[in-house]
Amino acid sequence: MHEHAVKPWELLTSPVGRGPFRHEMRYLATPNLCVYEESFLRTVRLRGQSPPGVLVLAIPIRSTPETTCWKAPLSPAAIPAALDDALDAVLGTGHRQLVVLVAASLVERELGVERAALLER
């Protein structure tokens, strides 16, 4: 059920340690934008690929010391982002985040080619 809910991600979610798995997610989805708030009952490792042609922003609401991105601690001021990129993250127990997926074509159309390229960099 979890893998179906997080489409269009190509994502492997592995619980760290023993115990029940629970993923809470509230979302709003349109053809060009998807916004969701999520948390896990316990620490999980996420590995995979961001959706093709989609700009992804992960905005921490509540982070934990166990939370990492590419094995580096998540800075309190960081907003991890990806565009057609791989993902390797650990979300600690209690981590809550807002994930925003925006179609890259919408970003380019609304910002223009030059500003969209600057944002992607």
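This report describes charged residues, salt bridges and one buried loop residue in a predicted model.

Residues are numbered from 1 along each chain as its sequence is written. Local features need pLDDT of at least 70 and side-chain atom pairs count only at pLDDT 80 or more, while totals for chains, interfaces and linings use all residues, and side-chain values use heavy atoms, with hydrogens and water left out.

**Salt bridges**

With a salt bridge taken as a side-chain nitrogen of Lys or Arg within 4 Å of a carboxyl oxygen of Asp or Glu, the count comes to six, including the three below.

| Pair | Closest N to O |
|---|---|
| R22 and E24 | 2.3 Å |
| D88 and R45 | 2.8 Å |
| R109 and E110 | 3.8 Å |

Salt bridges with shared partners also join R22, E24, R26, E37 and R96 into one network. In the pair of D88 and R45, D88 belongs to strand 9 and R45 to strand 4, so this pair ties together parts that are 43 residues apart in sequence. D88 is buried, with a relative accessible area of 10%, where buried means under 20%, exposed over 50% and partly exposed in between (1.4 Å probe, protein chains only). R45, at 25%, is partly exposed, whereas R109 is exposed at 54% and E110 is exposed at 57%.

**A buried loop residue**

T43, in the loop between strand 3 (33–40) and strand 4 (44–49), is buried, with a relative accessible area of 13%. Leaving aside residues up to four places away in sequence, T43 touches P15, V16, V90, L91, G92 and T93, contact meaning heavy atoms within 4.5 Å.

Methods. Helix = DSSP H or I, 4+ residues; strand = E, 2+ residues; numbered from the N terminus.
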